[in-house]
Amino acid sequence: MLPIVLLAIAFVPMVFEAQRSKRHDRALRAAGAVEPHGDVYAIMQVAYPLCFLVPIVEGAVRGRGLSAFVIGGSLVFALAKALKYWAIATLGPRWTFRVLVPPSSRRTVSGPYRFLRHPNYVAVLGELAGIALMAQAPVTGPLALTFFAALMLLRIRVEERALGVRRG
């Protein structure tokens, strides 16, 4: 039963997020937003759901039930979702799965962006860690987290280059 619950927890919000992203994507492109070259979106589009699915499958194969890991993972996941939705609300119609830069766009420095440079990406790592903990997936959980973190680092470079962000 736990794997079914985890699939719902991971994928139901993902469907709604994808719908919102598509709406924002269309509006941003209509307003002249451009997508920078070199983005890893095509890989992320496949890797993101897989990085949730694989730990859930590992947990199902291992046959683990409720434990303190499920409770701890639930807390991590819930906090990550709260941070993610705060970031989404702060970006408003500029939030998408893709890097789309509207004309005269600037880096956001309000909401969670006051405290973190990339709160949405921190939240995604929290979501992955939360699912891995709830699934009790000691092998694929850390692997999925590490792989997706590497993709996000590549994505951050593209995003910051597109926004003209300079470090230090």
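**Figure 1. A network of salt bridges links Glu17, Lys81, Lys84 and Glu127.** The view comes from a predicted model. Within the network, Lys81 pairs with Glu17, and their closest N and O atoms are 2.6 Å apart. Lys81 lies in helix 3 and Glu17 in helix 1, so this salt bridge ties together parts that are 64 residues apart in sequence. Both partners, Lys81 and Glu17, are buried. Side chains of opposite charge can pair when their charged atoms come close.

**Figure 2. Surroundings of Glu17 in helix 1.** Glu17 has a relative accessible area of 4% and is buried. Beyond its neighbours within four places in sequence, Glu17 is in contact with Tyr48, Lys81, Lys84, Tyr85, Trp95, Phe97 and Glu127. One of these residues, Tyr85, also meets Glu17 through a polar contact between side chains, at 2.7 Å.

**Figure 3. Tyr85, a residue of helix 3.** Tyr85 is partly exposed, with a relative accessibility of 37%. Glu17, its polar partner, is buried at 4% relative accessible area. The two residues, Tyr85 and Glu17, are 68 residues apart in sequence. Their C-alpha atoms are 9.7 Å apart in space. Residues up to four places away in sequence aside, Tyr85 touches Pro13 and Glu17.

**Figure 4. A salt bridge between Asp39 and Arg155.** The N to O distance between these side chains is 2.6 Å. Asp39 sits in the loop between helix 1 and helix 2, and Arg155 sits in helix 5, so the pair ties together parts that are 116 residues apart in sequence. Asp39 counts as buried at 18% relative accessibility, because the cut-off for buried is under 20%. Arg155 is buried too, with a relative accessible area of 4%.

**Figure 5. A salt bridge inside helix 1, between Arg29 and Asp25.** N and O of the two side chains are 2.6 Å apart. Arg29 and Asp25 are four residues apart in the helix, so about one helical turn separates them. Arg29 is partly exposed, at 37% relative accessibility. Asp25 is buried, at 12% relative accessible area. The count for the model comes to 11 salt bridges.

**Figure 6. The largest nonpolar core.** This core has 25 residues. Phe52, Ile131 and Phe148 touch the most other members. Each of five helices supplies at least two residues: helix 1 (2–30), helix 2 (41–62), helix 3 (68–91), helix 4 (119–135) and helix 5 (140–163). Apart from this core lies another, of five residues. Among the five are Ala87, Leu91, Trp95 and Tyr113. In soluble globular proteins, nonpolar side chains tend to be buried together.

**Figure 7. Ile131 and its contacts in the model.** Ile131 is one of the residues that touch the most other members of the largest nonpolar core. Not counting residues up to four places away in sequence, Ile131 touches Leu6, Ile9, Ala10, Phe52, Ile56 and Phe77. Phe52 is, like Ile131, among the residues that touch the most other members of this core.

**Figure 8. A nonpolar patch on the surface.** The patch is formed by Val46, Leu50, Leu53, Val54, Val57 and Val61. Together these residues have about 500 Å² of accessible area. Leu53 has its place in helix 2. With a relative accessible area of 32%, Leu53 is partly exposed. Helix 2 (41–62) also supplies at least two residues of the largest nonpolar core.

**Figure 9. Gln136, in the loop between helix 4 and helix 5.** Gln136 is not a glycine, yet its phi is positive, at about 60°. Most residues other than glycine have a negative phi. Gln136 counts as buried, at 9% relative accessibility. The side chains of Gln136 and Ser67 are joined by a polar contact of 3.1 Å. Setting aside residues up to four places away in sequence, Gln136 touches Leu2, Arg62, Arg64, Gly65, Ser67, Phe69 and Val70.

Key: Residues numbered from 1 in each chain as written. Predicted model: local features only at pLDDT ≥ 70, side-chain atom pairs only at ≥ 80, totals over all residues. Heavy atoms only, no water. Core = buried A, V, L, I, M, F, W, Y, C linked by side-chain atoms within 4.5 Å. Buried < 20%, exposed > 50% of the residue type's maximum accessible area, 1.4 Å probe, protein only. Contact = heavy atoms within 4.5 Å. Patch = residues over 30% accessible without salt bridge, like charges linked within 9 Å, V, L, I, M, F, W, Y side chains within 5 Å. Areas by Shrake-Rupley, 256 points an atom, 1.4 Å probe, with all protein chains shown as cover. Salt bridge = Lys/Arg side-chain N within 4 Å of Asp/Glu carboxyl O. Polar contact = N/O pair within 3.5 Å; in protein donor to acceptor, adjacent residues only side chain to side chain.
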